Amino acid sequence: MGLEYKAVRWNRQKRIYDFALVGGVGAFLVLFTVSTKVLFPFVTGEILLMRAFGAAAFILLHVVLCIGPLCRLNPKFLPLLYNRRHAGVTTGLLGLVHATLVVVTYHAGGDTNPILSVFKGSPLTGSIAGVPFQPFGFFALVILLLMAATSHDFWLANLSAPVWKSLHMLVYAAYALLVLHVAFGVLQAEVNPVYVLAVGGGLVVVLGLHIAAAFREVPTDRAPDSAAGDDGFVDACAVADILEKRARIICLSGERVAIFKYDGKVSAVSNVCQHQNGPLGEGKVLDGCITCPWHGYQYLPDTGASPPPFVEKVPTFNVRVRHGRVFVRPKPNPPGTRAEPAPVEAESRSSRLEEALTSASER
Amino acid sequence: MNDEFYIGWEERAPSGIGSQVRRAVAFLLAFAVVLAVLLAVAQRTIGVSVFEWGKVKSFSGVLRSQPYPHLLVPRPGAVTGQTSFSSYYLVKPFKFGLDAGLARRLDGKSVNLKGTLIYRGNQTMIEVIGDSIQQQDNPSQLIASASTTAPVNLGEQTLIGEIVDSKCYLGVMNPGQLTPHRACAIRCISGGIPPVLLVRQTNGPALYFLLVSSDGRPVNKQVLNLVAEPVQITGEVERQGELLILRADPATYRRLAR
């Protein structure tokens, strides 16, 4: 969580993450360049580096794209998500080095402006070889660099989470453009099946994980069977379905609501974290606060407000518990509005008393 | 029940989550290592070519401007039946051919120049340094000998190959061919680098045909849309010293589907 903006807040986990990231990228670059130079000693340096950085960027983008659905499928991978933006920025920088080498090597020093040459330098001829694959890479890089430049929370706060999130969802457009860039570029020259299998396999893994994660969330987005009662409350779930300090996510009026059970009470808040739209309902109540699983942003369950001095707020929902079931009013309260938590124990006692009285009167 | 919860801003991850992530990271690192080697080994387009970048040498010979500027350099110890001159294409730095006006003025004259060698197979090129070309003072013997190198007509032939820019393909860039290099090849040929039809043979070394029009003129601007694709060209082939020249109207070049 942040109250003021600092370049980077380092901690042990972040250092380990970045060490593994830089180590992995460095190992790939060194091994690819050394292996190529040993096997093909006449390769020229700029082409070798161009290939190494381009391949590294494309592969790292696959990793970045896979982290999200992987965490949806298994929350134990969440540490990979926490600093995913570092991997994203690294992808953009690797792509920038690749693109700079391409422009300097292939387009500069000729009779046309190098940037103009990227677009008009490869005329359409109606054949596959004539497909101008470099503009695909150019636009993908623009997206990746835009994302890298706005990756800091400063931009998240100033653009607002929905705008920021929409902007960063363009990563999928960048990926599609890069698949085209590779398919109509290097795959037209390097015909070894290894390359086709690598690109195709990457596409299958990325799509497969996203589809699997989407299927897993289908039940969450299914509205409760019961309609709203006269008082506007909807039967959401059984109290027993919610683990202590955890939440159950349900979909009400098209919006995901996280119903938390903690300390003998039930509260409901919007499932969307104000930071990066993380799934609050997959978080946990720690130190009395709902804690987002993505980046640890915290909110008080009854008010939906971050504890002072932090200022983030999410909408709350009115709740009540009857006969072991949680009822939620689908209309959200303004962010930060206190909604009285529904006591579980008292309700249970009163339910048990009610059941006992009913039973006695029947006898 | 294990209810571990990860928070990134804490110093340590819970042990169960930590060990899971360590396994995942180890897998990713191993995958990166394997992929790096696999992708390197699988490359098929890198050939044997050399650009002696940074090594400047001096050359003496007779400059010829047609069909593209080249230098005839006397070959020491020539044996009978072998041409007594080596033909070196001449180009400028970056993506430009030798200045046509300069080449015309010095056509047939003996010159000294400085440059860097580029070579692949039996083809050699010199990237000439700035204004290093100087006309020789006493060249008569050399010119007389070079002028005896007459073209030999090898008849009409139909050839299938790829149009490449000779400078990159011979060694300035390796690989300097096929689609990824297309834009660069177009810029180079547009800038005056001699266009060459590269004919790959299944049994034997690649052949290189300098492309000229039916009347022997440069065709740089006419071939730009056909670079880096399979093409079929029918024309008159002639040997001029070590150079093979293919005379054909670029309008008759045929793009082949791939």
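Here follows a set of questions and answers about a predicted model.

Visitor: What kind of model is this, and how are residues and chains labelled?
Guide: Residues are numbered from 1 along each chain as its sequence is written, while chains are lettered from A and ligands numbered from 1 in the order in which they are written. Side-chain values use heavy atoms, with hydrogens and water left out, and the model is a predicted one, in which local features need pLDDT of at least 70, side-chain atom pairs count only at pLDDT 80 or more, and totals for chains, interfaces and linings use all residues.

Visitor: How many helices and strands does chain B have?
Guide: Helices (H or I, at least four residues) and strands (E, at least two) are DSSP runs, numbered from the N terminus. By that rule chain B has 5 helices and 13 strands.

Visitor: Is chain B compact or spread out, and what is its radius of gyration?
Guide: Along its principal axes the C-alpha trace of chain B spans about 95 × 45 × 35 Å. The radius of gyration is taken over C-alpha atoms, and the globule rule is 2.2 Å times the number of residues to the power 0.38. For 258 residues that rule gives 18 Å, so chain B is more spread out than a compact globule, its radius of gyration being 26 Å.

Visitor: What percentage of the residues of chain B count as buried?
Guide: Buried means under 20% relative accessible area, exposed over 50%, and partly exposed in between (1.4 Å probe, protein chains only). Of the 258 residues of chain B, the share that counts as buried is 55%.

Visitor: How many residues of chain A are in contact with chain B?
Guide: Contact means heavy atoms within 4.5 Å. On the side of chain B there are 62 residues in contact with chain A, and on the side of chain A the number is 72.

Visitor: What area do chain B and chain A bury between them?
Guide: The size of an interface is often given as the accessible area lost when the parts come together. Here buried area is the accessible area (1.4 Å probe) that two parts lose on being put together, summed over both. Of the area between chain B and chain A, 62% is on carbon and sulfur atoms, and the area itself is about 5,800 Å².

Visitor: Which three residues supply 12% of the area that chain B buries against chain A?
Guide: No other three residues of chain B supply more of that area. The three are Phe5(B), Tyr6(B) and Arg187(B).

Visitor: Which residue of chain A forms a salt bridge with Arg187(B)?
Guide: A salt bridge is a side-chain nitrogen of Lys or Arg within 4 Å of a carboxyl oxygen of Asp or Glu, and across the interface of chain B and chain A the rule finds 4 salt bridges. Arg187(B) is buried, with a relative accessible area of 6%, whereas its partner counts as partly exposed at 35%. The closest N and O atoms of the pair are 2.9 Å apart, and the partner is Asp111(A).

Visitor: Which helix of chain B gives the most to the side that touches chain A?
Guide: Across this interface there are 4 salt bridges, and α1 (15-41), α4 (166-172) and α5 (182-190) of chain B each supply at least two residues of the side that touches chain A. With 16 residues, the helix that gives the most is α1(B).

Visitor: Which residue forms a salt bridge with Arg85(A)?
Guide: The closest N and O atoms of this pair are 3.1 Å apart. The pair links distant parts of the chain, 68 residues apart, with Arg85(A) in helix α4 (residues 84-107) of chain A and its partner in helix α7 (residues 153-159). Arg85(A) counts as partly exposed at 23% relative accessibility, and the partner, buried at 19%, is Asp153(A).

Visitor: Which residue's backbone oxygen does the side chain of His181(A) reach?
Guide: His181(A) lies in helix α9 (residues 171-183) of chain A and counts as buried at 15% relative accessibility. Leaving aside neighbours within four places in sequence, His181(A) is in contact with residues including His98(A), Gln134(A) and Val186(A). The side chain of His181(A) reaches, at 2.9 Å, the backbone oxygen of Phe133(A).

Visitor: Is Asp287(A) buried or exposed?
Guide: Asp287(A) lies in the loop between β5 (284-286) and β6 (289-291) of chain A. Because its relative accessibility is 79%, Asp287(A) counts as exposed.

Methods: A polar contact is a pair of N or O atoms within 3.5 Å; within protein, one must be able to donate a hydrogen and the other to accept it, and residues adjacent in sequence count only if both atoms are side-chain atoms.
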